[in-house]
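The following exercises concern contacts between chains and between helices. Each task is followed by a solution in steps.

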There are 2 protein chains.
Amino acid sequence: MRALRFHIERQDGEARAGVLTTRRGRIETPVFMPVGTAGTVKGIRFEELESTDLDAKIILGNTYHLWLRPGIDVIRAAGGLHRFIGWDRALLTDSGGFQVWSLGALRKISEEGTEFRSHVDGSLRFLSPEVSMEVQAALGSDIVMVFDECAPGQASHEETERSVNLTTRWAKRSKAAFNQLQLDRADTGHLEAKDLSGTQALFGIAQGAGHLDLRRISLDETVNIGFDGYAIGGLSVGEEKSLMFDVIEDVAPRMPKDAPRYLMGVGTPEDLVEAVARGVDMFDCVLPTRNGRTGQAFTSRGKLNIKNAQWVNDSRPLDESCRCSVCRRHTRAYLRHLHMTGEMLASILLTHHNLAFFLDTMRGVRQSIRSGDFPKFRREFTERLGANGE
Amino acid sequence: MRALRFHIERQDGEARAGVLTTRRGRIETPVFMPVGTAGTVKGIRFEELESTDLDAKIILGNTYHLWLRPGIDVIRAAGGLHRFIGWDRALLTDSGGFQVWSLGALRKISEEGTEFRSHVDGSLRFLSPEVSMEVQAALGSDIVMVFDECAPGQASHEETERSVNLTTRWAKRSKAAFNQLQLDRADTGHLEAKDLSGTQALFGIAQGAGHLDLRRISLDETVNIGFDGYAIGGLSVGEEKSLMFDVIEDVAPRMPKDAPRYLMGVGTPEDLVEAVARGVDMFDCVLPTRNGRTGQAFTSRGKLNIKNAQWVNDSRPLDESCRCSVCRRHTRAYLRHLHMTGEMLASILLTHHNLAFFLDTMRGVRQSIRSGDFPKFRREFTERLGANGE
C-alpha cells in the first residue's frame, strides 16, 4: 500500500491538474504551500489559512528550525507537529539540507553528513540522512523530504557531479532509515482514504545545479531508488532566471508522470504559472509572507510597494480584482499608514493578501487546466502582471 | 436633541448596568474599550474585534498620534477615521492632552495650550482646546474628549489647583469650539436612533490628582459646563493604587447619575471590577494589547508569563476557563515556543486572548449586575485571580 495517492485528472500541454491524497486529506494540484518555518506561517493565524479566503490545504515546516527550537523532545511530547501547532491539515517538512547548506562557512560537509553551528545557541550539531529522517518521523509530517546536498547555482560541472553523487548516496540512506522508522511506528495520523498505508510519504530530490546532463543523471538515480514523489531542488539559489527555466523545462517532463512533481522554494506568481506550464505540480515559497512583512504586495497588476508616497490618499484596495478580506475592507492609504507607522497590522494584512493572491492564482491555474483554457489564462495573467509597470 | 442616549437599566449597589446609544450603535455598559492608538488596535484585525469572541462595540483612537501621522489631511480625505481604518462601530477619541503631558520635558504649557516637539519628526507643534476639537471633528469620532491638563500623581495641592483651574478653562473653550464645529458640519455618520442629534458627543474630564477636595471642585465645574458624559482623568499615572481607589470611590458616586462615567486609562481586570463596584461605566486600557506583545497573558487565575520554562511541555490552554479561539486551539507549550522564537504570531494570539479575557470579564460584570449577583461575581472573580499566586 502506498502512503499517498496521486492522479492526473486533466492535462493541457505539459500543465497537469490532479489530486494528491495524503493521510490528512485531498489536495488539488497544482498547489502552493505556504511556508511555516518554525511551526507558524509568519504573521497569519491558522483560522485564516483554513478560511475560504485562503483555504491552504498543506503547509511547510522546517526540520532545521524545529529541531533546534523548540527541539524534538517538545514536539514529541505534544504528539507531533500537527498537534503542537494546532493544524490538522497536511504538512510537508523539508529535510534541513537546504537550511544547513545556507549556513555557508558555518557548516562542514562529509560523507556522513553535515556538521554545523546552531544559529540559536552556537552549539555544534550534526545532521545526516538518518538524523533528518528521525526528526521528521518525530514531527510526524505527512510528506517527508530526503536529506540532500545542494550545489550552488554557479557550481562547476565537477563540483556539481560530486554533489549529485553524494545526494544520491544520501537519498538511499534516507530511504533506508525512513523505511525502518515507518516499520517502528504505529502512529499514522488520521487516515483519509482506505487504500493508503497510513505511513508518512517520502519524496526524493533531484539536484544538479545548472548542468542539464547532471540534472538528468540525478533524476534517473532518484527515480531508480523510488519515492512517493519527486522534487527539483537547488533552484532559485542565485542562478539566472532563464537558466532556472531551462532546467525546469528539461527536467519536469522527464519526471515520473504518475507521481507529484515539486519545485522547491520557487517563486513569484509568474514563476509558478510558468513552471506549471512545464509540468510542475507543487510549490513552496517564502515570498508572499516575507515580502508582506517588508511592505510589498503581489497583485494581479504586478508588485506594489506600499511605502510609496503615491498611495498616501489612495482609497483603492491593494488589488481591485482581489476578493480577499483585506481588499474588501482596507485601502492602500490605510495600509501605507500602518506600514509607515511600523504597526504589526501592516505585516498581518499584507501577508494575508499576498497568500490569498498566490493561492487564488493556483485556483485559477487549476480551473483553467481543467477547462482546457490554461494557455489563455497564462497569457492573460502575464499580460496583467505587467500592467502597473512596477 | 442629544448626541447620545444613556440609561441605567439595573443597579446593584453602586454598580450600574446600562445602555449607551451612540450614532453608531448600542453599547451595553459597563464597557471596556480596546485602545487603537494609531488607527489600529495593535496586533489584531478588525474582523476579530467584531467576532463573537471579542465583540468590541467601541474602540479608542488617539488624537495626538493620528494628528502627527498620517495627519488630518489624509484622514479627512478618506472621509474620517471610521472610513480610513475600515471600522463601522463606535469610536472614542482622546483629546491628545494626556499624550502631550506624557512627553514631559518636551512640552511647554501655557494658558493658550501646549507646545511640544513631535516624536515622529521633531517638528514644533501646538495643541490647544480649539486645535484638539478641530482634529477630533475631522476624525469624526462618535465621542470626543475635551482637551485637559493632567497633574502628576504626586502633585502638590497648589500645583494641582492651578492645573484643575486650567482644565476648567480649557473645558469651556473645548465646548465652545466643539459646538461651533458641530454647527458647521453636515456629515454625521450613520444614525442609529431617531432621537439622536447625529452630532458627535463631547465628554468632560475631571482632574485633581490625589486631592479629593480638588477632585470634587473639578467635577462640579465640569458638570456645570455640561457634557454628554464625564470622565475621571489623571489616574493610573504613578500614584498608589489605594489612592486611585480612594479617588474613584469619592468621585464616581458624585458624578451625574444619568450620564456615562468613564475612568480613563484604567486598568487591570481586577481594577475594572473594583471600579464598576464604585459606579464606573466605561474603561480603556493598553494592558491587554501591550502586555500581550511582551508575553503576559491575563487569565481567570491571574497573570501568566508565557516565557516561563514551566510551560515548555504544558498542553493546557492559557486559561482553562476561556472559550476564545486561542484557548480552544493552542497550548501554552506552543505559545511559549512562538514567543521564545520571536514569532509575530505570539503577539497576535496573546493579544487576542487578553482582549477576549477583558471583554468577557465585562460581559460577566454586566450579567451579574443585571441578575443582582454582582457582589458574588466580584468576590469569586477576585478569589480566582489569586489562584495561580503569580
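**Exercise 1.** With which residue does the side chain of A:Glu48 meet in a salt bridge?

*Solution.* The model is predicted, and side-chain atom pairs count only at pLDDT 80 or more. Step one is to apply the cut-off: a side-chain nitrogen of Lys or Arg must lie within 4 Å of a carboxyl oxygen of Asp or Glu. Step two is to identify the partner: the side chain of A:Glu48 pairs with that of B:Arg45, at 3.8 Å from N to O. Step three is to place this pair in context: the rule finds 8 salt bridges across the interface of chain A and chain B. Residue pairs in polar contact between the two chains number 16.

**Exercise 2.** Determine which helices and which kinds of residue form the side of chain A that touches chain B.

*Solution.* Begin with the helices: α1 (46-50), α3 (72-78), α4 (81-85), α12 (325-329), α13 (332-340) and α14 (344-370) of chain A each supply at least two residues to this side. The largest share, 6 residues, is that of α14(A). Then classify the residues: 20 are nonpolar, 12 polar and 10 charged.

**Exercise 3.** State the extent of the interface and name the residues of chain A that lose the most area.

*Solution.* First count the participants: chain A and chain B contribute 42 residues each to the contact. Next take the area: the two chains bury about 3400 Å² between them, with 55% of it on carbon and sulfur atoms. In chain A, the most area is lost to chain B by A:Arg45, A:Arg329 and A:Met344, together 22% of what that side buries.

**Exercise 4.** Deduce the symmetry that relates the two chains.

*Solution.* Superposing chain A on chain B takes a rotation of 180° with 0.0 Å of shift along its axis, giving an RMSD of 0.0 Å. The two copies are therefore related as by a two-fold rotation axis. Both copies use the same surface, since 100% of the contact residues of chain A recur in chain B. Among the residues of chain A, A:Met344 comes closest to the rotation axis, its C-alpha being at 4.0 Å.

**Exercise 5.** Describe how α14(A) packs against α15(A).

*Solution.* Start with the geometry: the axes of α14(A) and α15(A) (residues 374-385) are 7 Å apart, at an angle of about 145°. Then list the residues that meet: A:Phe357, A:Thr361, A:Gly364, A:Val365, A:Ser368 and A:Ile369 from α14(A), with A:Phe374, A:Phe377 and A:Phe381 from α15(A). Finally, classify this contact: 6 residues are nonpolar, 3 are polar and none is charged.

Note on methods
Residues numbered from 1 in each chain as written. Chains lettered and ligands numbered in written order. Predicted model: local features only at pLDDT ≥ 70, side-chain atom pairs only at ≥ 80, totals over all residues. Heavy atoms only, no water. Buried area = accessible area lost by both parts, 1.4 Å probe. Polar contact = N/O pair within 3.5 Å; in protein donor to acceptor, adjacent residues only side chain to side chain. Helix = DSSP H or I, 4+ residues; strand = E, 2+ residues; numbered from the N terminus. Nonpolar A, V, L, I, M, F, W, Y, C, P; charged D, E, K, R; others polar. Least-squares fit on C-alpha atoms with pLDDT ≥ 70 in both. Contact = heavy atoms within 4.5 Å. Axes fitted to C-alpha atoms, helices over the stretch in contact; angles between N-to-C directions.
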